[in-house]
Structures are given as C-alpha cells and as structure tokens.
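Got the viewer open? Keep the selection box handy, and we'll walk through a few stops together.

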Amino acid sequence: MRMIYIHLMNLNSLDLNLLVALDALLREANVSRAAMRIGLSQPAASHALQRLRDLIGDPLLVRNGARMELTPRAQALRGPLAQALDQVRGLFIPDDFDAGSSERHFRLMMPDLAVELLMPPLMEKITQAAPNIRIDVVPWRGPAIFTAEFARTIDMVISIGNAFKGFHRQLLYTDSDALAVRRNHPAGAKLKRREAFLNARHVAVVIRGQNEDLIDGWLRAKGIERRIALVVPGYIEALHVAARTDLVAFVPRRLIAALSKQLSLISVTPPLDPGIDEQFMFYPTRAKMDPGSRLRTIMIEIGRKMERDKRKAA
C-alpha cells in the first residue's frame, strides 16, 4: 500500500512533457538523438532523463562501452508508454462523424409549435443524410426549471428569449401572432375590432414553467384583460379546441397556417399588433466544435427557408 501511495504522489506531480521525453529516449536509446526528435537541447534532454530516473526509480539508460542501453524496466515501458501517448493524443482529435452510418442519439427540447413546424422538414433531411440517428424530443420547460443536470442531457433547444445559461443562441426564424378561429365562427372577421376581441372567449396557452400565457403579459402592460375560458398546456391543444368550439386562440401565425386546412381554421389579424416573435436555436457552448453539429446546420437551413418563403408570400 505504501508503494502505491508513493507512485500516486509522483503521478500527481508528473509533467506530461516528461512522458514525451521518455518516449523519445526509449525509442532512440540516445540522449542526443532523443533531444533532436522532440526539439530539445541536449542539456534539457539530459535534465529530463534525470527527472525521469528520480520519478521512476530506475536508471532507464545505462552506458555500455560507447553506447547507451535500455534497462529491463525501460524495455518494459516502451510498448505501454507508446500506447498511452497515442490515447492521450486521441483526446485532442475530434471524433469523426460519419452521418451515413452514425447511430447517435440527439435530445432536443422545444414547444409543440416548434415540433409541428420544424420536425417534418428536419426528419426529411435527416432521413437522407443520417438515416440511422435517433432524435428524442422532450417537452419544453422554462428557464426556472431548466436545471444544470437536465441541461447536460440536451443537444438543442428551440425557444424564444435568452435565458439558457451555458448555451449559444442563434436566430432561427421570425413569426407574428394572430387569432385562430373555426371556419364560420359567429364573430369571424369582426374579431379584428377591439370590442369583439374583448367580448370573445379565449383559450390561453400556459406552457410548463410559465405562470401565464405570454400574450396576457403583453396585453396587461397595455391595460387589457381578455376573457379566458380555458387554459391548456400547448398550442396544438389550443388550435384543436378552437377548431371545435367558438373559443379564440391567440397563437403564432405560422402554426395556424400549418394546420388551417387540416383543422378547418382561419386566421384573423388581432386589433392590437403584438409585433414580431423571434424563435431561436440554442446549443451547448461545450458542443460548439462537436462533429455532430451537422444537425444544427440543417436546422438553420430550415429556418432560413421559412424566412425566404415568408418574404415570397408577402
């Protein structure tokens, strides 16, 4: 046990450069040639040899006439040391990411509206480029409950705002909010007027980690309270309810357009302009150089296409 302790203490003070010097000395069995091999002066290589002798407790190189020879201990170190250095060097070489054969799993966190808008085109491209990878989408959670432990499991977040610590933010696409109502809604286009808007019964969307619908916080700042008849946890639920009742859903315009035909919905411009929504892609700062970042590139390409299509339709 005492010998193990001594070796551990020596390892704690070990300079990695000494291992590089040791590898050169063992390969060359000559101080001058070892010095040239790793770009040291001969005195520096001699000093390194002495430190190694003290550290390992073995002379390593001994003189036999006009030449130096490796001790048995040095001979035994050659193979394991070369292998260990190759492994250390491998730590600093990025992993190859062969998209065509990779079976990697990615975890994405996003609200249901982002799943509806982004995942179909993403999966279409992923199926072509990396058919064997798996993407797990987990429910969106607000920054207040986005713990550091949970964050370490996430490869990408789609969200508004800028409150995810340790994540790099990049603009993905822009949107605006509108009123979604069923076709033949009794109020219909009248909802463009403030009085009809205030008299309508609304379905609010309060996502996990939020205290209220973001629209209500914005309206309250303008001194307006809408009539909330129902609160649901997602935008898709809000649209399904609006499609089968007279309730009004104040939701992102792109989402209404994506589901208008399927759910028989129409989009009505609200009497108050809530401005532009910016949807961002977040990814861990630690993964900036991740070879699997092709997923982020594809997501950005999808966002840019959405913006181009928006400009063409304007």
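Select L108 to begin. Setting aside residues within four places in sequence, L108 is in contact with M119, L122, I135, D136, V137, V138, M156, L295 and M299. Bear in mind as you look around that this is a predicted model.

Now widen the view to the core around that leucine. L108 is listed with L118, L122 and L239 as having the most contacts inside the largest nonpolar core, which has 57 residues. Which helix gives this core its largest share? That would be α6, with seven residues. Nonpolar side chains tend to be buried together in soluble globular proteins.

There is another core to colour separately. It lies apart from the big one and has 21 residues, including V31, A48, L49 and L60. We'll come back to L60 shortly.

Next, select α6, residues 112–129. Show its buried residues as sticks: L113, A114, L117, L118, M119, L122 and I126. Then put your cursor on L118, where α6 bends by about 40 degrees. Look a little further along for P120, a proline that follows within four residues of the bend. How far apart are the end C-alpha atoms of α6? They are 25 Å apart, which agrees with the 26 Å that 18 residues should span at 1.5 Å a residue.

Back to L60, then. Find L60 in the loop between α4 (42–56) and β1 (61–64). Its phi is near 65 degrees, a positive value in a residue other than glycine. Is L60 buried or exposed? With a relative accessible area of 1%, L60 falls under the 20% cut-off, so it counts as buried.

For another positive phi, go to S264, in the loop between α11 (253–263) and β10 (265–268). Phi of S264 is near 60 degrees, and again this is not a glycine. S264 has a relative accessible area of 33%, so it is partly exposed, between the 20% and 50% cut-offs.

Last stop: H185, in the loop between β6 (167–182) and α8 (194–199). This histidine is at 10% relative accessibility, so it counts as buried. Turn on distances and look at the polar atoms of its side chain. One lies 3.0 Å from the backbone nitrogen of A187. The backbone oxygen of D246 is 2.7 Å from a polar atom of the H185 side chain. Finally, show what else is around: leaving out residues up to four places away in sequence, H185 touches D246, L247 and V248.

Conventions: Residues numbered from 1 in each chain as written. Predicted model: local features only at pLDDT ≥ 70, side-chain atom pairs only at ≥ 80, totals over all residues. Heavy atoms only, no water. Helix = DSSP H or I, 4+ residues; strand = E, 2+ residues; numbered from the N terminus. Expected span 1.5 Å × (residues − 1). Bend = angle between axes of the 7 residues up to and from the residue. Buried < 20%, exposed > 50% of the residue type's maximum accessible area, 1.4 Å probe, protein only. Core = buried A, V, L, I, M, F, W, Y, C linked by side-chain atoms within 4.5 Å. Contact = heavy atoms within 4.5 Å. Polar contact = N/O pair within 3.5 Å; in protein donor to acceptor, adjacent residues only side chain to side chain.
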